[in-house]
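Dear colleague,

Please find below the structure that I am handing over to you. My findings follow directly after it.

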Amino acid sequence: MLHALCGGEEDFMEGEKKERQDLVPIFIMGKRYEVPSSLTIQKAMEYAGYQLIRGCGCRGGICGACGTVYRFPGSYKIEVGLACQTIVQPNMYLTQLPFFPATKSVYDIEKAKPTIDTLVRAYPELLRCLQCNTCTKSCPMDIQVMDYIAAGMRGDIARLAELSFDCVMCGLCASRCPAELCQYNIAILGRRLYGKYIAPRAEHMASMVKRIEEGQYEKMLKELMSTDEETLKKLYTGREIEPEQAGEDWTPQDKTYL
Ligand code: SF4
Ligand code: SF4
Ligand code: FES
């Protein structure tokens, strides 16, 4: 028996139809699933029924835990991306690298010098780089990985630190390096050396630390610690928030807690 659809049913059917049209096939570790085309890989995996207990951290493109490798049928190219940032595409064959083993040297940054010797002593394989650029092509953050490695080989710590600044340590570069470098751990040593020995001192930070050490905030902290929860909530929600477009020299009008 036929019956006319009422408005609500029509909307529902339209919604269902649209959702069906928006589904795309993807392959997770070899198994086919249909998932909404607007989802990130990470959300698509959850939609498909996976519970992410590894290879998933910040979900915001910061922690590097979700390095993912994928390929399309008939394509020679290995593609890479962060699962929390990359939107699914039809017929992606994908797999995640929840962890990639890496060499990690132990060093005492207080005794290290910002020189090529320090880098090479900690990571002798640095000098094996073949300049093949595979690492740069593997980086989901579009970092010039080969160039920062080249800077390290020249002992240019400042350039190494600058070029590697956005690294999220996902490990994808190291997973494909034919010379078996662990680029991101070399880079983090470079940034530590830069921060400790080369970057100009932050005077405002030194003066703030001094004020803390002198106990300027002790009284205020004790008061806050003895304040009831409701008052704390009010203080928190009522606080003056830095505007998004604020200039470098912005400070709140209320200086009680400064
Ligand atoms: S993948 Fe390895 S060998 Fe190739 S450029 Fe990068 S660090 Fe060098
Ligand atoms: S440099 Fe390597 S570890 Fe860092 S984000 Fe790029 S691929 Fe990941
Ligand atoms: S979950 Fe942190 S970068 Fe993707």
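Leaving out residues up to four places away in sequence, Arg201 touches Gly195 and Lys196. The model is predicted, and Arg201 lies in its loop between α8 and α9 (203-213). With a relative accessibility of 55%, Arg201 counts as exposed, because the threshold for that class is over 50%. Arg201 and Glu223 are 22 residues apart in sequence, and their C-alpha atoms are 33 Å apart in space.

Helix α8 also holds Asn185. In contrast to the exposed Arg201, Asn185 is buried, at 6% relative accessibility. The residues that Asn185 touches, not counting those up to four places away in sequence, are Ala102, Thr103, Lys104, Tyr123 and Met169.

The overall form of the protein chain may be of interest for your setup. The chain has 11 helices and 5 strands. Its radius of gyration is 26 Å, whereas the globule rule gives 18 Å for 258 residues; the chain is therefore more spread out than a compact globule. The C-alpha trace spans about 85 × 60 × 30 Å along its principal axes. Buried residues make up 32% of the 258 in the chain. The accessible surface comes to about 17000 Å², and carbon and sulfur atoms account for 55% of this area. Where contacts join residues at least 6 apart in sequence, 58% of them are between residues at least 24 apart.

Which helix is largely enclosed by the rest of the structure? It is α5 (residues 145-154), because 7 of its 10 residues are buried. These buried residues are Val145, Met146, Tyr148, Ile149, Ala150, Ala151 and Gly152. Their cover includes the helices α3 (116-122), α4 (134-138), α6 (157-163), α7 (172-176) and α8 (183-198). After α5 comes Gly155, with a positive phi near 80°.

Two residues of α5, Val145 and Tyr148, are also part of the surroundings of ligand 2. The other residues around ligand 2 are Cys139, Pro140, Met141, Cys167, Val168, Met169, Cys170, Gly171, Cys173 and Tyr184. By class, this shell has 11 nonpolar residues, 1 polar residue and no charged residues. Met169 thus appears in two places, since it lies around ligand 2 and is touched by Asn185.

Ligand 1 has 13 residues around it, of which Cys129, Cys132, Asn133, Cys135 and Cys177 come nearest. The shell of ligand 1 comprises 9 nonpolar and 4 polar residues, with no charged residues.

Val80 is found in strand β4 (residues 79-82). Val80 has a relative accessible area of 16% and is buried, because that value is under 20%. Apart from neighbours within four places in sequence, Val80 is in contact with Thr68, Tyr70, Lys137, Ser138, Cys139, Pro140 and Leu172. Cys139 and Pro140 are among the residues around ligand 2 as well. Val80 and Lys222 are 142 residues apart in sequence, and the distance between their C-alpha atoms is 50 Å.

Two loop residues deserve a check of their backbone angles. Most residues other than glycine have a negative phi. Met29, however, has a positive phi near 45°. Met29 lies in the loop between β1 (23-28) and β2 (31-36), and is exposed, with a relative accessible area of 56%. Arg59 likewise has a positive phi, near 60°. The loop that holds Arg59 runs between α2 (41-47) and β3 (67-71), and Arg59 is partly exposed, at 36% relative accessibility.

Finally, the cysteines. How many disulfides does the model contain? The count comes to 0. For Cys56, the closest cysteine sulfur is that of Cys66, at 7.3 Å, which is too far for a bond because a disulfide requires two sulfur atoms within 2.5 Å. Cys56 is partly exposed, with a relative accessible area of 23%. Cys58 also counts as partly exposed, at 37% relative accessibility.

Yours sincerely

Notes. Residues are numbered from 1 along each chain as its sequence is written. Chains are lettered from A and ligands numbered from 1 in the order in which they are written. This is a predicted model: local features need pLDDT of at least 70, side-chain atom pairs count only at pLDDT 80 or more; totals for chains, interfaces and linings use all residues. Side-chain values use heavy atoms; hydrogens and water are left out. A residue is near a molecule or strand if one of its heavy atoms lies within 4 Å of it. Ala, Val, Leu, Ile, Met, Phe, Trp, Tyr, Cys and Pro count as nonpolar, Asp, Glu, Lys and Arg as charged, and the others, Gly among them, as polar. Buried means under 20% relative accessible area, exposed over 50%, partly exposed in between (1.4 Å probe, protein chains only). Helices (H or I, at least four residues) and strands (E, at least two) are DSSP runs, numbered from the N terminus. The radius of gyration is taken over C-alpha atoms; the globule rule is 2.2 Å times the number of residues to the power 0.38. Contact means heavy atoms within 4.5 Å. Accessible areas come from the Shrake-Rupley method with a 1.4 Å probe; for residues, only the protein chains shown count as cover.
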